[in-house]
Amino acid sequence: MRIENTGFEDVLIDLKPLDHLTAKHAFVRAGQWDYDRVTYDYRIDSKEKNVTYYIRLQGYATEGDVDRGNAVIKMMTPLLGKHYYPHGVEYGENENFPENLVERAQSIVKKVKEELEHYKN
């Protein structure tokens, strides 16, 4: 599910402050990057058996290189996904997300976006 109207779309930010800011809010980049793209995930555990939810922030380099740490990242629309063990994460519009989870995801994304304003290019 796309988390719309967050203000993330098209924000430009240097990679290092983006890494710092997302880590501060418990998003993990780990190995989810290549030379042109970054992905940050925030895990939300569920009471449902074998289901975990994720908020995903993603972006791509408009200049520089992610591997070298000198990239300028253009952010994309955040996503809310549902991980079905062992099959993977689904972000489709046909997924059913509890309303309180959607509100929580929107709140978390909003907090990150507010701080992002201090660093964007």
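Start by selecting Lys16 and Lys24 in helix α1 of this predicted model: both residues are exposed, on the other side of the helix from its buried residues. Lys24 has a relative accessible area of 55%.

Now turn to the buried side of α1. Select Leu15, Leu18, Leu21 and Thr22, the buried residues of the helix. Look down the helix axis and you will find them within an arc of 130 degrees, so they line one face of α1. If you wonder about the spacing, an α-helix has 3.6 residues a turn, so residues three or four places apart point the same way.

What covers this buried face? Show β1 (12–14), β2, β3 (51–63), β4 (72–75) and α2, which are included in the cover over the buried residues of α1.

Next, step just past the end of α1 and click on Ala26. Its phi is positive, at about 70 degrees.

**Salt bridges**

Side chains of opposite charge can pair when their charged atoms come close. The model has seven salt bridges, and three of them are good stops for this tour.

Go back to Lys24 and add Glu115 to your selection. Their side chains form a salt bridge, with N and O 2.8 Å apart. Glu115 belongs to helix α2 (residues 99–116) and Lys24 to helix α1, so this pair ties together parts that lie 91 residues apart in sequence. The two partners differ in exposure: Glu115 is partly exposed at 21% relative accessibility, while Lys24 is exposed.

For the second stop, select Arg29 and Asp19. The closest N and O atoms of this salt bridge are 2.7 Å apart. Arg29 sits in the loop between α1 (15–24) and β2 (37–45), and Asp19 is in helix α1, 10 residues away along the chain. Is Arg29 buried or exposed? With a relative accessible area of 18%, Arg29 is buried because the cut-off for that class is under 20%. Asp19, at 21%, is partly exposed.

The third stop is Glu117 with Lys113. Measure from N to O in your viewer and compare with the computed 1.9 Å for this salt bridge. Here Lys113 is buried, at 12% relative accessibility, whereas Glu117 is partly exposed, at 35%.

**A last stop in β5**

Finish by selecting His83, which is found in strand β5 (residues 79–84). His83 is partly exposed, with a relative accessible area of 22%. Then add Gln58, 25 residues from His83 along the chain, and draw a line between the two C-alpha atoms: they are separated by 17 Å.

Definitions and conventions
Residues numbered from 1 in each chain as written. Predicted model: local features only at pLDDT ≥ 70, side-chain atom pairs only at ≥ 80, totals over all residues. Heavy atoms only, no water. Helix = DSSP H or I, 4+ residues; strand = E, 2+ residues; numbered from the N terminus. Buried < 20%, exposed > 50% of the residue type's maximum accessible area, 1.4 Å probe, protein only. Salt bridge = Lys/Arg side-chain N within 4 Å of Asp/Glu carboxyl O. Arc of directions from axis to C-beta. Contact = heavy atoms within 4.5 Å.
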